[in-house]
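Student: Could we go through this model together, one question at a time, with the reasoning spelled out?

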Amino acid sequence: SEALDWRDRHAASSALAHPPPHRARFEDLNESGPIGHDQEGHIIELVKLGRLKVAELFKHFDVEDILPHIVYSAEAKRACNLANSKARRKRIYKVVTVIDCAGLSSSVMGKQFQTLMRKTSEVLSGHYPESMCKTYIINGPFIVRAVWGVAKHMMHPISAAKFSFLGSDWKKVFARDGLIIDGGTLPDKVSWSEAANKVFEADGGPELVTRGWAPPEDLSCLGKLAAT
């Protein structure tokens, strides 16, 4: 199928076992990673958009170099979701995303920024669909609010409804919506690589992604169907 062909072309299944070159530098320049769970068990991902060093990122990586890192992050997120599902004994494949725009300025949001956002969106929406539970945008300056005011009208209403643009009361909204941040505050550093490595130490390595996980009752039903 087209989806499997894409995974083969981009070595998605082996991405975690063979991280792309200069992964640590990439994560220093473009930070994201898990920071907690919501009340239903979904992983909360923090994207530090305001600390994105886009000019330096494109100084060290071209577009084709960036793509494997986007795939790696998506596969790390998938591995963490599988481990989370196994621990909670229920299938959880979506994440809650918090986009922190603190420090973001209009000078950053140029052509390179747009290219990075477009490539990231193409990978996630095209090859990791239905993985977003909800997205909260916090600490957004006026320019971000203005862009969102236009962009939301170009989205499907169901997708647009999953986004919440929060003001200074975002901590109260998080508490109301049952978002539990590890340590009670947004961390200074986040990393999908670090999170994936912890999963591998506990669950036997990158094979977790290949092996997958399903609720025992689902496997039992499938076994019975196969036997009929």
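Tutor: Before we begin, a definition: Ala, Val, Leu, Ile, Met, Phe, Trp, Tyr, Cys and Pro count as nonpolar, Asp, Glu, Lys and Arg as charged, and the others, Gly among them, as polar. Please also keep in mind that this is a predicted model.

Student: How many residues of each class are in the lining of the largest pocket?

Tutor: The largest pocket holds about 1,600 Å³ of space, and 46 residues line it. Sorted by class, that lining has seven charged, 12 polar and 27 nonpolar residues.

Student: Which element gives the largest share of the lining of the largest pocket?

Tutor: Among the residues nearest the centre of this pocket are Thr120, Ser121 and Leu124, while helix H5 covers residues 111-127. The largest share of the lining, eight residues, comes from H5.

Student: Where on H5 do its buried residues lie, seen down the axis?

Tutor: The buried residues of H5 are Phe113, Thr115, Leu116 and Val123. Seen down the helix axis, the buried residues of H5 fall within an arc of 165°, so they line one face of the helix. On the other side of H5, Lys111 and Ser125 are exposed. What covers the buried residues includes helices H1, H3 and H4, and the place asked for is therefore one face of H5.

Student: Is Thr97 buried or exposed?

Tutor: Thr97 sits in strand E3, where its contacts beyond four places in sequence are Glu45, Val47, Lys134, Thr135 and Tyr136. Because buried means under 20% relative accessible area, and Thr97 has 10% relative accessibility, Thr97 counts as buried.

Terms used:
Residues numbered from 1 in each chain as written. Predicted model: local features only at pLDDT ≥ 70, side-chain atom pairs only at ≥ 80, totals over all residues. Heavy atoms only, no water. Helix = DSSP H or I, 4+ residues; strand = E, 2+ residues; numbered from the N terminus. Expected span 1.5 Å × (residues − 1). Buried < 20%, exposed > 50% of the residue type's maximum accessible area, 1.4 Å probe, protein only. Arc of directions from axis to C-beta. Contact = heavy atoms within 4.5 Å. 1 Å grid on protein atoms, 1.4 Å probe; cavity = no way out; pocket = protein on both sides within 12 Å on 5 of 7 lines; lining within 4 Å. Points joined across faces, edges and corners; volume = space filled by probe spheres on them.
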